[in-house]
Amino acid sequence: QVQLVESGGGLVQAGDSLRLSCAASGRTFSNYAMGWFRQAPGKEREFVAAINRSSYYADSVKGRFTISRDNAKNTVYLQMNSLKSEDTAVYYCAAHFNFAAMVRGFVGYWGQGTQVTVSS
């Protein structure tokens, strides 16, 4: 079992930056691929970014968002720059033992989500 707790969401203006954090507990953090998904109102949950030994991004955030992890702190981060109104969503931290599966949308564990609202 892996428990994930997100933090760092909030209300910002377009063009601002925000950093999300996800603290993991339970099984060995370094064994898991970690990622971020988001769900906007009225839309399906979508993949944002994933990291293991390498990282992978959705086209919509490439060049603006950076995912990173600190295995010593059991934490994964999502640095979001140049935020746009269309980035408004609930952001979910995710874990899966297989990086390729996570990129395809398969998730073993979810966090509870943190709201990010970008005003234009």
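The protein exposes about 6200 Å², and carbon and sulfur atoms supply 46% of this surface (accessible areas come from the Shrake-Rupley method with a 1.4 Å probe, and for residues only the protein chains shown count as cover). The structure is a predicted model, in which local features need pLDDT of at least 70 and side-chain atom pairs count only at pLDDT 80 or more, while totals for chains, interfaces and linings use all residues. Residues are numbered from 1 along each chain as its sequence is written, and side-chain values use heavy atoms, leaving out hydrogens and water.

Turning to the overall fold, the protein contains one helix and 11 strands (these are DSSP runs numbered from the N terminus, with H or I and at least four residues for helices, and E and at least two for strands). Along the sequence, the elements follow the order β-β-β-β-β-β-β-β-β-α-β-β. The radius of gyration is 13 Å, close to the 14 Å that the globule rule gives for 120 residues, so the protein is as compact as a globular protein of that length (the radius is taken over C-alpha atoms, and the rule is 2.2 Å times the number of residues to the power 0.38). Along the principal axes, the C-alpha atoms fill a box of roughly 40 × 25 × 25 Å. Of the 120 residues, 42% count as buried (under 20% relative accessible area, with exposed meaning over 50% and partly exposed in between, for a 1.4 Å probe and protein chains only).

Strand S11, residues 114-119, offers a friendly example of a pattern. In a regular strand the side chains alternate between the two faces of the sheet. Here Thr114, Val116 and Val118 point to one face and are buried, whereas Gln115, Thr117 and Ser119 point to the other and are not. Strand S2 (residues 10-13) runs parallel to S11 and is joined to it by four bridges (two strands pair if DSSP finds at least two bridges between them). Within this pairing, glycine 10 has valine 116 as its bridge partner. Strand S9 (residues 89-96) runs antiparallel to S11, with three bridges, and alanine 89 stands opposite valine 116.

Another residue to look at is alanine 49, found in strand S5 (residues 46-51). Alanine 49 counts as buried because its relative accessibility is 0%. Leaving aside neighbours within four places in sequence, alanine 49 is in contact with Met34, Gly35, Trp36, Tyr56, Tyr57, Ile67 and Leu78 (contact means heavy atoms within 4.5 Å).
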